[in-house]
Structures are given as structure tokens and as C-alpha cells.
Amino acid sequence: MAELLESVILGDGIQLRNRICMGSMMRNRCTDGNKPTHANIKHHTDRARDGAGLIVAEGTFISLNGAEWPHAPVMYNQDHSDAWAEVTSEVHKVGGKILFQPWHPGRIQNDNMPMLKESGYSVYAPSKVPAKGGKYRTLEELPGHTDNITEIDDPRVIVGQYRHSVSLAKSARFDGIELLAHGGYLIHNFLCSHSNTRSDQYGVLDAIIEVWGSRAVGIKICPTDDYNDTMISYEEMKETYTYFIKELMCRDLAFINLSRRGCDVGRETDDYFRSRPRPQGKELPPKYEPLTDFGTLIKYPKSRAMLMVNREYTVEEARDLLQRGKINLVTFARPFIYNPDLISRIKKGVPLASNTRGGKVKYGPFEDRTRITIIGRHLEGRVRLSPVRQPAPSSRSYLISSDNNI
């Protein structure tokens with residue numbers, strides 16, 4: 001696995017210990033006014049200590065929101081930045097590098113979620129086109145995404161929110177930025193013809209570059225996405241993302257993270273994350289890989305942008321792609337949840353632990369009078385999770401990992 005484990009410089013000076021990146025994930029633990037807590041610090045630091053080459057922090061909302069995750073982090077005032085600085089500081093102490101991922105949910109919201117309902121802030125999107133689907137499990141009757149959308153009148157307001165948030169991330173001493181531009185959220189809303197009926201300019205990425213410089217900035221995209229009402233035809237996908245990637249490459253970014261969600265990768269994952277058959281008119285070519293159409297637009301001789309890939313790659317697949325010069329970096333996301341020692345396992349040739357609990361594990365917080373501590377132990381390549389109940393000091397308690405294995 002020497003190719004995966006060799007050091008590399010990202011951008012103009014972000015020294016990575018290896019080519020293995022931890023993708024953004026883990027929510028519902030930012031319980032202190034949506035700021036990271038000790039659980040967030042421990043989660044990221046444990047994986048940095050084991051040797052993760054690069055960590056992308058969990059997606060962080062740049063403003064008030066009505067998304068489904070009530071305890072996801074936010075970054076729009078100095079208190080948020082100060083809390084995140086505790087995370088970055090601990091990651092840096094153990095030799096890690098960590099990126100900030102700014103997130104605006106766009107039309108993937110419900111205005112009855114507490115943060116929006118209490119503030120009266122609107123659900124902003126490019127156009128008044130509600131998203132299909134959604135299930136807000138904390139609201140009565142499990143409603144879907146809202147129909148009550150306010151069309152963005154002046155994109156400069158939203159651009160300003162991004163600029164402010166990434167400026168706070170800089171003061172929190174993150175090492176760079178990964179702009180979230182997939183998943184059906186705001187940036188992705190602008191990229192799909194069925195969610196965007198406008199033709200003006202918005203310039204979020206350029207605003208981020210003004211703050212950070214292009215060589216500390218990357219972007220995460222997913223041409224084949226099938227999540228949150230994002231699916232488009234193959235023809236539209238190829239036309240849109242060929243143009244988009246060429247524009248991105250003009251900006252001398254540090255990296256482009258190319259996801260293959262929505263593709264049939266030939267493996268069964270748990271029900272929550274399994275891609276469904278694509279409907280008529282939106283099929284992909286058999287065994288389609290986004291690298292086929294878009295890889296050479298990013299990785300070619302004299303290209304300064306690194307090509308990162310993600311979504312259900314195995315260690316063996318990633319090594320093969322590196323050996324053949326197809327990619328520069330690989331992201332593992334969920335495997336890092338149940339393999340805090342993922343880098344050590346790869347170095348020693350130990351099989352990765354796998355998820356045996358399904359796709360609907362709730363990591364907290366919990367509303368009951370019992371404090372729940374999860375004790376994780378590796379057993380024959382699997383993770384065994386044992387609940388231990390103790391008296392609670394108050395009516396609110398949270399699921400907090402007592403060791404590395406969550």
C-alpha cells in the first residue's frame with residue numbers, strides 16, 4: 001500500500017502525511033449552541049493521531065437553517081470560530097491537517113425546524129421549485145422539504161454569508177476549505193436545470209478564493225448524484241459538468257473531490273445509503289464511473305489541481321487508481337467512523353471493521369433521564385457496541401464515545 005501511504009503536498013504548502021483523506025461526516029453532537037463539543041474534538045483528534053492524511057470537518061452551516069440535523073454545527077459568529085479553534089488546535093497537535101466545509105442547505109430545508117421557526121428566517125433557493133422527498137423526523141407527521149421557498153433576490157447576500165463564514169474558519173486556524181457543491185444543497189441547486197430557472201451570476205467560489213487564495217481551496221462535486229432530488233439525465237450531466245469543471249480548473253484550485261454517488265459500484269451497502277435504480281431518461285451507461293468523462297479534465301500533465309475521489313472506494317481500488325496515475329487522493333468517510341485506526345489497519349494489512357448496525361444509528365443527543373455511554377471493542381474485525389446505563393445528572397443527556405470506536 002506504499003502508494004496510498006506516501007506523503008504529498010496539497011496546494012502550495014499543505015503537507016499531508018499520506019494520500020488518505022477522512023471525508024466530512026458525523027452530526028448531532030454540536031449541542032452547545034450548535035458549536036463543537038468535546039465529542040467533536042475527540043472524534044477528529046483520534047483519527048488525526050492515527051495518521052489520517054487530511055480531515056474534512058463535518059459540513060458546517062454558514063447561516064441560520066432549517067435542515068434535518070438539529071445539532072449540526074454552524075459558523076457565523078466569533079463564538080463558533082473560537083469553538084472550532086479548539087478542534088483544529090488538537091488536530092494540529094497530533095500532526096493532522098483539517099479543512100472547513102461551508103454548507104448552505106438551499107431548498108433542502110423545512111421552515112418549521114426550530115432554528116428557522118424561532119428566527120423567522122426564510123428558506124432561500126435559486127428558484128421557487130420545492131424539492132421532492134425529505135422526512136423531518138423531529139417534526140410531527142414527518143413532513144418533507146418545504147414548499148415555502150423564497151427566491152434569492154440578490155445573490156451577493158448569500159455570497160457574503162459564505163465569505164464571512166470562511167473568514168471565521170480562517171481565524172479558527174483551519175488549513176483550507178472544501179466547498180460543498182453536491183447533495184442537493186444550495187450550490188448544487190444552481191447546477192440542476194430542474195431546480196434553477198435563473199441565469200445571473202453568484203460567485204461563491206470566487207469569494208472564498210478572495211479570502212483563502214485558490215491554492216488552499218477545493219470543491220466537492222457529484223455529477224451522478226441521486227440524493228435530495230438531484231438526479232439529471234446523462235446528457236445534461238455531461239454538458240453541465242464538462243463546462244463546470246473547466247471553469248473550476250481556470251481558478252487554479254488545490255483539488256477537486258469527485259464523488260460517484262448514484263453509480264452502481266457493484267457492492268451492496270446498507271439500505272439507507274444504497275442507490276436506487278435510476279428512472280427512465282436518467283439512466284447512466286452500464287458500470288459508469290465519473291472518472292471516465294471527467295477525470296482527465298482534472299488530472300493531466302502540468303495540472304496543479306489534485307484529483308480526489310470518494311464514495312465506496314475500497315483500499316484496493318484506490319491503490320490501483322493511484323498506481324495507474326488516475327487520481328491523487330482518496331476519501332474514506334463512513335469507514336472512518338468504525339475504524340478510528342483506519343491508517344494503522346492499512347499499514348498492517350488488517351481488514352477494516354464494517355458497519356453491523358445498519359444505516360439508522362443515532363449517535364445523539366438523546367432526550368431521556370439516562371446517560372448512555374457507548375463502549376466499543378473490536379472483535380474479529382467487527383465493532384461490538386455495548387450500552388451501559390448510569391444515573392443521569394439532568395433530563396438532557398448525550399451519547400458520548402468513551403473511547404475511539406464510534
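**Entry 1: a loop residue**

I started with Arg 173, which is found in the loop between α5 (155–171) and β10 (176–180). I kept in mind that this is a predicted model. Then I looked up the backbone angle phi and got a value near 65° for Arg 173, which is positive in a residue other than glycine. I paused there, since most residues other than glycine have a negative phi. Is Arg 173 buried or exposed? Neither one fully: Arg 173 counts as partly exposed because its relative accessibility is 46%.

**Entry 2: another positive phi**

I turned to Asp 229, in the loop between β11 (217–221) and α8. Here phi is near 60°, again a positive value in a residue other than glycine. The relative accessibility of Asp 229 is 21%, so I wrote this residue down as partly exposed. The cut-off helped me here, because buried means under 20%.

**Entry 3: aromatic pairs**

Next I wanted to know about the rings. How many aromatic pairs does a search of the whole structure find? I noted 10 of them. I picked Tyr 234 and Tyr 288, an edge-to-face pair with 5.6 Å centre to centre and 85° between the planes. What does this pair tie together? Tyr 234 lies in helix α8 (residues 234–249) and Tyr 288 in the loop between β12 (255–259) and α9 (290–298), so the pair links parts that are 54 residues apart in sequence. I checked the surroundings too, and both Tyr 234 and Tyr 288 are buried.

My next pair was Tyr 241 and Phe 244, also edge-to-face, with 6.1 Å centre to centre and 80° between the planes. Both of these residues sit in helix α8, three residues apart, which means about one helical turn separates them. I found Tyr 241 buried, and Phe 244 as well.

I also jotted down an aromatic cluster, which is formed by Phe 61, Trp 69, Trp 103 and Tyr 185.

**Entry 4: charges over rings**

I then looked for charged side chains over aromatic faces. Arg 260 lies over the face of Tyr 313, at 3.6 Å from the ring centre. Lys 170 lies over the face of Trp 212, at 5.4 Å from the ring centre.

**Entry 5: the second largest pocket**

Now for some empty space. Rolling a probe the size of a water molecule over the atoms shows where such space is left. I looked up the second largest pocket, which holds about 700 Å³. Of its 25 lining residues, the closest to the centre are Leu 191, Tyr 202, Tyr 243, Phe 244 and Glu 247. I was pleased to meet Phe 244 again, having noted this residue in the pair with Tyr 241.

Which helices each supply at least two residues of the lining? I listed α6 (186–191), α7 (204–212) and α8. The largest share, seven residues, comes from α8. Sorting the lining by class, I got 12 nonpolar, six polar and seven charged residues.

**Entry 6: helix α2**

I ended with helix α2 (residues 38–50), which has 13 residues. From the first C-alpha to the last, α2 reaches 18 Å, close to the 18 Å expected at 1.5 Å a residue. How many of the residues of α2 are buried? I noted 10 of the 13, so the helix is largely enclosed by the rest of the structure. The buried residues include Ala 39, Ile 41, His 43, His 44 and Arg 47. Asp 46 and Asp 50 are buried too.

Conventions. Residues are numbered from 1 along each chain as its sequence is written. This is a predicted model: local features need pLDDT of at least 70, side-chain atom pairs count only at pLDDT 80 or more; totals for chains, interfaces and linings use all residues. Side-chain values use heavy atoms; hydrogens and water are left out. Rings of Phe, Tyr and Trp (its six-membered ring) pair if their centres lie within 6.5 Å; planes under 30 degrees apart count as stacked, over 60 as edge-to-face and the rest as tilted. Helices (H or I, at least four residues) and strands (E, at least two) are DSSP runs, numbered from the N terminus. Buried means under 20% relative accessible area, exposed over 50%, partly exposed in between (1.4 Å probe, protein chains only). A charge sits over a ring if NZ of Lys or CZ of Arg is within 6 Å of the ring centre and within 35 degrees of the ring normal. On a 1 Å grid over the protein atoms alone, a cavity is a set of points where a 1.4 Å probe fits but cannot get out, and a pocket is an open set with protein on both sides within 12 Å along at least five of seven lines; lining residues have an atom within 4 Å of a point. Grid points are joined across faces, edges and corners, and a volume is the space filled by probe spheres set on the points. Ala, Val, Leu, Ile, Met, Phe, Trp, Tyr, Cys and Pro count as nonpolar, Asp, Glu, Lys and Arg as charged, and the others, Gly among them, as polar. The expected span of a helix is 1.5 Å times one less than its number of residues.
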